[in-house]
Structures are given as C-alpha cells and as structure tokens.
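Load the model and colour it by secondary structure. Keep a selection box open and follow the stops in order.

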Amino acid sequence: MDTTAAVLYNKEGYDTGGKKLLGRHSAGEGFLKSLVQHGKADGLYCFADSAATFQEFCSQIQPWLQQPRKVRWIPTQRPDLLSQPGTIYRPDPSLANLVWGRRFVDQRAYSVCGVTHTIGTKYVMAAIGELITAPIQPWDALICTSNAVKTAVFGVMTEWSEYLAERNGGKPEILVKLPVIPLGVDCGAFPQGVAAVEMGDRQRRELGISPDDIVVLFVGRLTFSAKAHPVPMYLALERAAQQTKAKIHLIQAGWIEDPREEPDFKNSAKIFCPSVNAIFLDGREPEIRINIWSAADIFISLSDNIQETFGLTPIEAMANGLPAIVSDWNGYKESVRHEIDGFRIPTIIPPPSACLDLALNYLDGSLNWPTYMGHTSLATAVDIDACTRALCVLIESPELRKRMGENARQRAREIYDWKVVIAAYEQLWRELAEIRVSAPESAALKPGKPPYPLGDDPFRVLGHYSTGALSNEMMLRLSAIATPQILKELQTIWFTSFGQDRRISVKVQMEILKAIEQQGAVSVGVVLSRYATSEEESASLYRTLLYLVKFGILVIGK
C-alpha cells in the first residue's frame, strides 16, 4: 500500500491560468506539480466527483510526468477506497465534511489532511471551529504554512473549545495536528545564471530602463485591502529617490482586482512618488510572472492586511536572488531574515477590542469581506522611515544587494523549494499512518447510532412519519400486473426509472420476481439471504423491493 495522499481535485484549486489569479492558485498548482514530479509513492490518486473531472486531472498532470506512474481515480461517492492511499488531501481547511463522511466508513480507514491559506474570513473561521465539533482523530492534520498562522488557528480553536465546554459542560480538547510546513516555489523554474542576466537585460531594454538605474519590484494582486496599500511604499520610494539621487523604477507586476482602484493606484503613484518611474505590468501573463524578477534589483512587499497568511512572492524573490524589503507581518516574519536576506519593516496595529465593531458588522453582513479587510488595512501602519532607510542602504550598496540576494537564494533552495516541501508533506502522511494504527479513537461510533447526527438516514430521523417499516418477516407476492412488459415500461419513463443506480440491477429484479412467482410467496428475509451478501447490498435490496411495491409489481401480505 502506498503511503501517500489522494488529492481532492477541482481544477480551480490547482490552476494559475484563470483571470483571477490568487496566491492559493499558485500554491495549489505548485503543490500538485511537485507531488507529480517529486513524490516517492508508486501511484497518484485523484479523489474526484466524476470521470470527466478525473480526465481533467490526468490532462493537467500529463506534462509533469517524468516517468510512468499509475494514476487512479477514487470517486467521491466511494470514500472507503481512500484506505488505499491512506490520506485524503484537501487544499483548504474545510475538513469537517470529510471526517464526518469517514465516520460512515471506518474512522481508522484513512487520515484527513488540509492546509491553511487565508484564515480571516468568517467561512474559514467557521471551518476551523468545526474541527472542534467534528469527529477529528489524532491521525488528522491541518497544515499551517507559518508559525504565525498556527498561533492564530490554535488561538481560535482554544477560544471556541473553551466556549463549547462552558456551554455544554464538556472538556475542551484539540485533537487535530497542526504541523508547520511552508508553501513552496520551484526554484528551477526561474532563469538562472547567464540566462537570468540576459533576460534581465532584455526586460530592461523593452521597458526603457538603463543598466545603471535601480529597479524595485512588487509582484502580486494590486488591491489595497487584500494585499498591500501602495501609498506607504510610494512615500518611502520618493524619499529614497530624493536622498540617494538614484533613478528609480518601480515595477508593479500584478493585476488590479477592482477596476475602481486602477485610477487610484496610478494617480497616487504620480502624487506620492513623482520622482519614480511607475510601471504597471500584468503579472497574470506567464512570461512576466517567470521573467520579470531578472530585471529587478530589489523586491518590496509591505503587506498590511489580514488576508495574507504566508506570502509566496517574497519566496519567489528569494529564489531569484533578490534582497527583499517586506513588512514585519504574518509569514513574512519567518521567510525573510532581517539584515540577512533583506529587511523587515516594523508594523503597528490597534490594541485588542478596538475593532469589535468591524467584527460584529462583518458577522451580521453589513460589511462584506473586502470592505472589512479595507478597514483593517487602513488601521495598520508600516514604518515609512524604516522602509526608506532600507531602500537607501540597498540602493547605495550593490555589494550588499548581491550578498543578501545570494543568502536568500540559498535559503529558498534549502527550505522553500517544492522538492523539500513535498518531502515534508510525505513525511507527515507517514507519521499520520503510524498514529492511525495505535492511537485511541475519539468519538467512536456506537452500534445503532448515526455516523452524522445532523445528516442521518432520513428514514431513521423521520421514521415516525410512516405507518410502518419493511421487515424481514413480511411476505412478498406478485401482483396481477406483474408482467415483464410493465417492468420494461417502468424503465423507459424518466420519473419511474429515476434512481436506478441506487437499486439492484433489473436482471436481479427479474430473478427475484421469477422466484416469487414459482413459490407463490417469499419473505423479505429469504430474498435478502439469497441476493444480498453485504450491508450495502441489503440496503439497496430493501429500497428495490419497496420500489417494486410502490409501482404495484409486488404486494406485501402475511
């Protein structure tokens, strides 16, 4: 058996080709490509809702297959088959439905593993909270991409579990593992050495930038609320231009998410950094996304919002040998080492409880997520003076830029290259498999109890609606209209053939009807003993018999 993970697949979560390029798309595509190229398991598993989705998965990974590997489809309707890979991987924190679904099968059958991206939305917070009430096991994990994220997730789970303990008199307990594994980058995907120099020269010529000019690069979505407010960056760049007298070009390679912001981005650059040549490029274009790094001297990203949790672009800058100037914020705190790979610029926020009104209005819907983020962004300050000093130091010292860039490049290869990150994923999946063998099971399913109390068998929850239920002692007889012609007619009408895939085959139905005709009457129990060899087949057979009763083929008697 492979010790790996089946990938819960929907192309949107693993593709950077769409018009709306988000960090999670880059991370998802990078993860999948690296799992295909560097994963050690013999096979690959796709957990998908249809054969068409599975074929889409196969088409996406085909260019990445460097050697023949078995690629298997596990339909989402068959979670029991997840015992083959041993883990199901979902590219977000919404694990509750997966662990509830596992309870219908066997809680020890496989592990469930997710990963964090943005955690500030009320939907993700609800998903994190559900990890306290859902039947999470010690062999399940939610990967946190940074210690900053882990601290936040653990804090939310602790507060929620303590509330539930007080509300219901239980014991607060957090069972899900919270390992810290960063997102990765493919260091080899970017131009290197002479190729990088040549590409940088070409990019500069095309943009009208002289070899001795300074290029500062920002990569990412151009949105003040969900990435970084640009004005503090503009102000620091203008001050640096005045102090160093250098010719500075600011390249912002991304895409403007809200068309209303486009004039503000461009006009504010003219107002707040008139001495700097502001260039806007579409970072969604693959050639720009891969090559623009080679044209830059310095990378900058002053993230100041609660959307960001890790930050891929500083890692990409490091992989390209660029010194980075980043805000001292969330995952940036861990990726960029201050005064080694670049500079981290101090940030300051309001004290706790100063934004409870925002939390309430986001909860009640009077603030949407972008507006909520916008308010928090405008209440987060980045030290403009410190940023100016960092820019000046790097602008005036090519040697420092080179040294920090090389430090950054080495760090990216050692810690953030996808080959290293995927190895950490696979090691985690092996550890979860070992825990699954011996760790005590939480919330074991008791006989006769529903696997999911809020989604039980409808005929158990609503059993009192009917006069009675089919029992094994009941006798089945053919009705006067039970002819092959009538049965055929039932199969040709859409709303009488509906649900055939959840009943036994028509061939077996005919065998049952023939046996009942020969014997005159047969008990339900006898039919079950002859035609059902498992609980699943028994359930299907019960429904089939009542289907035949419903349409007058069979009648129930004593």
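What is the order of the strands in the open sheet that holds S9, S8 and S7? Select the six strands: the order is S9-S8-S7-S10-S11-S12, and the pairing is parallel. Two strands pair here if DSSP finds at least two bridges between them. Helices (H or I, at least four residues) and strands (E, at least two) are DSSP runs, numbered from the N terminus.

A word on ground rules. This is a predicted model, where local features need pLDDT of at least 70 and side-chain atom pairs count only at pLDDT 80 or more, while totals for chains, interfaces and linings use all residues. Residues are numbered from 1 along each chain as its sequence is written, and side-chain values use heavy atoms, with hydrogens and water left out.

**Stop 1: the edges of this sheet**

Select S9 (277–282) and S12 (342–345). Each has a single partner strand, so one side of each is left without a neighbour in the sheet. From one strand to the next, the twist averages 20°. Axes are lines fitted to C-alpha atoms, for helices over the stretch in contact, and angles run from 0 to 180 degrees between N-to-C directions.

**Stop 2: strand S7**

Now select residues 214–219, strand S7. Are its residues buried or exposed? Six of its six residues are buried. Buried means under 20% relative accessible area, exposed over 50%, and partly exposed in between (1.4 Å probe, protein chains only). In a regular strand the side chains alternate between the two faces of the sheet. Show side chains on one side of S7: Ile-214, Val-216 and Phe-218 are buried. Turn to the other side: Val-215, Leu-217 and Val-219 are buried too.

Next, add the strands that pair with S7. S8 (residues 248–254) runs parallel to S7, and six bridges join the two. Pick Val-216 and look across to its bridge partner in S8, Leu-250. Then trace the chain from S7 through helix H7 (residues 230–244) to S8: this β-α-β crossover is right-handed. That term applies if, with the strands pointing away from the viewer, the path from the first strand over the helix to the second runs clockwise.

S10 (residues 298–301) also pairs with S7 in the parallel sense, over two bridges. Here Leu-217 has Phe-299 as its bridge partner.

**Stop 3: out to S9, then up to H7**

Move from S8 to S9. These strands are parallel and share six bridges. Select Gly-254 and its bridge partner in S9, Asp-282. Now bring H7 back. H7 lies across S7, S8, S9 and S10, at about 160° to S8. Contact means heavy atoms within 4.5 Å.

**Stop 4: another sheet**

Select S3, S2, S1, S4, S5 and S6. These six strands form an open sheet in that order, with parallel pairing. S3 (70–75) and S6 (141–143) are the edge strands, each pairing on one side only. The twist averages 25° from one strand to the next.

Zoom in on S4 (residues 87–89) and S5 (residues 111–115). They pair in the parallel sense over three bridges. Thr-87 stands opposite Ser-111 in S5. Add H1, which packs on the sheet and touches S1 (6–8), S2 (43–48) and S4. The direction of H1 makes about 160° with that of S1.

**Stop 5: H1 against H2**

Two packed helices are described by the angle between their axes and the distance between the axes. Select H1 (residues 23–38) and H2 (residues 51–61): the angle is about 75° and the axes are 10 Å apart. H1 and H2 are therefore roughly perpendicular to each other. For such labels, angles under 35 degrees count as roughly parallel, over 145 as roughly antiparallel, 65 to 115 as roughly perpendicular and the rest as oblique. Show Glu-29, Leu-32 and Val-36 in H1, which meet Phe-57, Gln-60 and Ile-61 in H2.

**Stop 6: single residues**

Which loop holds Ser-353? Look between S13 (347–348) and H12 (356–363). Phi of Ser-353 is near 80°, a positive value in a residue other than glycine. Ser-353 counts as exposed, at 59% relative accessibility.

Ala-443 sits in the loop between H16 (418–438) and H17 (458–461). Its phi is positive, about 50°, although Ala-443 is not a glycine. With a relative accessible area of 44%, Ala-443 is partly exposed.

Finish in H16 with Glu-431. Glu-431 is partly exposed at 37% relative accessibility. Draw a C-alpha to C-alpha distance from Glu-431 to Trp-139: 8.2 Å in space, with their positions 292 residues apart in sequence.
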